[in-house]
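The following exercises practise the reading of a protein–DNA model. Please study the sequence and the structure before attempting each task.

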2 protein chains.
Amino acid sequence: MKSRITLKELAKLLNVSVSTVSKALNDSPEISPKTIERVKELAALHKYRPNPTAVNLKSSKSGTIGVIIPNIANSFFAKVLSGMEEKAQKEGLQVITYISNEYIEKERHISELLTSGYVDGVLIAIAEETQRKKEFEHIENIIDFDIPVVLYDRIGFEMPVDKVGIDDHRVFYEATKDLQNKGVNKIGIATSIHHMGVGKSRINGYKEALRKNDTFYIANSAKMESLTEKTLKMLLEDKVEAVLCSDFDSTMLTYRLAYEHGLRIPEDLKIIGFIRGGLAKYLTPSVSYVDQSPHKIGEKAMEVLINRINKKDATPKTKYIIETNVVHLESTRFD
Amino acid sequence: MKSRITLKELAKLLNVSVSTVSKALNDSPEISPKTIERVKELAALHKYRPNPTAVNLKSSKSGTIGVIIPNIANSFFAKVLSGMEEKAQKEGLQVITYISNEYIEKERHISELLTSGYVDGVLIAIAEETQRKKEFEHIENIIDFDIPVVLYDRIGFEMPVDKVGIDDHRVFYEATKDLQNKGVNKIGIATSIHHMGVGKSRINGYKEALRKNDTFYIANSAKMESLTEKTLKMLLEDKVEAVLCSDFDSTMLTYRLAYEHGLRIPEDLKIIGFIRGGLAKYLTPSVSYVDQSPHKIGEKAMEVLINRINKKDATPKTKYIIETNVVHLESTRFD
DNA sequence: CTGAAAGCGCTTACAG
DNA sequence: CTGAAAGCGCTTACAG
């Protein structure tokens, strides 16, 4: 059993005071170059590392960022997390991961921890249940404690914090317009997240792009059974020519239902979905998708948060939009 | 701006000493019930929470578990993480996430942090590069510091630590036997992880299940281009009747290549893959898969680690095997 | 240039 | 039953 050497032990070995060792290691101008060298040499020899807990206690910092993730099984959030972690690692910060599983009670519990001083800042994508209930006190509570908060991905909320995400409205607005320009008239939406902020924005973008005589076709349900039923109606009765899918489940479901009912993609039905490229390209046919650059969202959110923590950024709270683009694969091929 | 009330402030308000407050909050028998009540009441009123950093410094614990993840975009690891996080949350522990991206240098850097006292224990799935180079000093270093370590998922290494994973060998052994029993003779493997421990075990399980006159068919490459070529050869020239795929990419690639080259699944080709059920069921046709219970692996690994930390478990280091089973969907349908 | 002292917010043996 | 003191491992104003 080894254990890390402390300042005190180092001081003893060097026959100097703890203060001197501490200052030397921190390159204080108060200390002679000679001493600094001696101290650093021995420290290196013993692989001295300051005890982070002690440093934190002194500085009233934790050196840690709290990230609240609604659903880590969603590969979008997994990638966002990897962007955050990468940035944090570069800055020497630790990332504590909390998973809300979309539940408000979990989120409340996490918020309680966060205000106890576990972290210097918080990145949060607000849970589905919280959005539904519209109860944000626990999040406002974090803000009240002067802990910098940045909203990521789910950014359509009135809160005095920075936000980093995509322009959900625009994505579907432009996707719809683009399909129209290519001659597609009956366009529908399949969504299992219509009750969430990002889902609403996407739907609104679609609606706004529709022209005077166009009809809305929206298959929406968070329950798979009901979504299946509604999507089938849209495909088989309404006979839409294209479907914009707002999330993983609606994308895969539409893809699967077309297969089950003999609709050929893209000949009979065009699809644009929200899935990751690493999956989309393997589907048969490959499915066109909205590239959200999740890694970049994570990096940017972390960057913005760190700047707030370091007070480098005293500007008003800002909304940062990460560019998206539709990657066209076989499911939107026009012959 | 609020900020958490401290013991000292509480003591002042109550006109008692800091020690008394501390003891009262910890239900010390030294303190009179009356005082305990008074103290707790005021503490509740002010929503007092002990400063975790201070508590940690006193106890020389961090209340934190470090999890090293090779690749969070892999939904298997994402789910493992969620199992870990859930268990940790129940035990009042924080999870610090570190992502190695399969690189040894990252892993070394993380190990350095871990031995500095950031965490009370470590859960690690060893990076691909580390496995290739067979250089494990940085991990042994963590163990030398008496920080409990548990290997998860990638458990085929000689190390004096607990291990939690699946029986990779058996999975493919039994899948192969099962196919044989159903009359399938030419069985092949597609894999992009043949150079990793889990990949090797799976391949060995398959080989062992083959009978005297059976031929090996193994398409193996970590490079997609080469894997594509080898898999195509196996499908079109060797004309295997079934393919066991050892990972996400090989599964999806085989699925896609069959489509591109007009092989019908399952009529011409049967597939069993390593993908998650939430995806498998949506594929066209749906693809049979090995259910690894990643959430359970995460929970178990965290549980084992916590027991080690609390010295509840003084037994020799153990390997815990989580049960798997093949979920048969359309891609292995026999008519 | 070096060191003694105070303090970050707690806990706990010890004294009274 | 209550409190003063020491200490966890650091940093930093202050004195010399």
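**Exercise 1.** Which helices of chain A and chain B each supply at least two residues of the surface near DNA strand C?

*Solution.* The model is predicted: local features need pLDDT of at least 70, side-chain atom pairs count only at pLDDT 80 or more, and totals for chains, interfaces and linings use all residues. Residues are numbered from 1 along each chain as its sequence is written, chains are lettered from A and ligands numbered from 1 in the order in which they are written, and side-chain values use heavy atoms, without hydrogens and water.

Step 1. Helices are DSSP runs of H or I with at least four residues, strands are runs of E with at least two, and both are numbered from the N terminus.

Step 2. Chain A contributes α2 (18-25), α3 (33-45) and α4 (52-59), and chain B contributes α1 (7-14), α2 (18-25) and α4 (52-59).

Step 3. With 4 residues, α2(B) gives the most to this surface.

**Exercise 2.** Describe the contacts with DNA strand C.

*Solution.* Step 1. A residue is near the strand if one of its heavy atoms lies within 4 Å of it. Of the 28 residues around DNA strand C, those that come nearest are A:T20, A:K23, A:E30, A:K58 and B:S22.

Step 2. A polar contact is a pair of N or O atoms within 3.5 Å. The side chain of A:T20 has an N or O atom 2.8 Å from a phosphate oxygen of DNA strand C. An N or O atom in the side chain of A:K58 is 2.9 Å from a base nitrogen of this strand, and one in the side chain of B:K58 is 3.4 Å from a base oxygen.

Step 3. Sugar or phosphate accounts for 55% of the atoms of DNA strand C within 4 Å of the protein, and bases for the rest.

**Exercise 3.** In what order do the strands of the open sheet of 6 strands in chain A lie, and why does one side of each edge strand lack a neighbour?

*Solution.* Step 1. Two strands pair if DSSP finds at least two bridges between them. The order is β7-β6-β8-β9-β10-β12, with mixed pairing.

Step 2. At the edges stand β7 (218-220) and β12 (325-327) of chain A, each with a single partner strand, so one side of each has no neighbour in the sheet.

Step 3. Within chain A, β9 (residues 270-273) and β10 (residues 288-291) pair in the parallel sense over 2 bridges. The bridge partner of A:G273 in β10(A) is A:Y289.

How values were computed
Polar contact = N/O pair within 3.5 Å; in protein donor to acceptor, adjacent residues only side chain to side chain.
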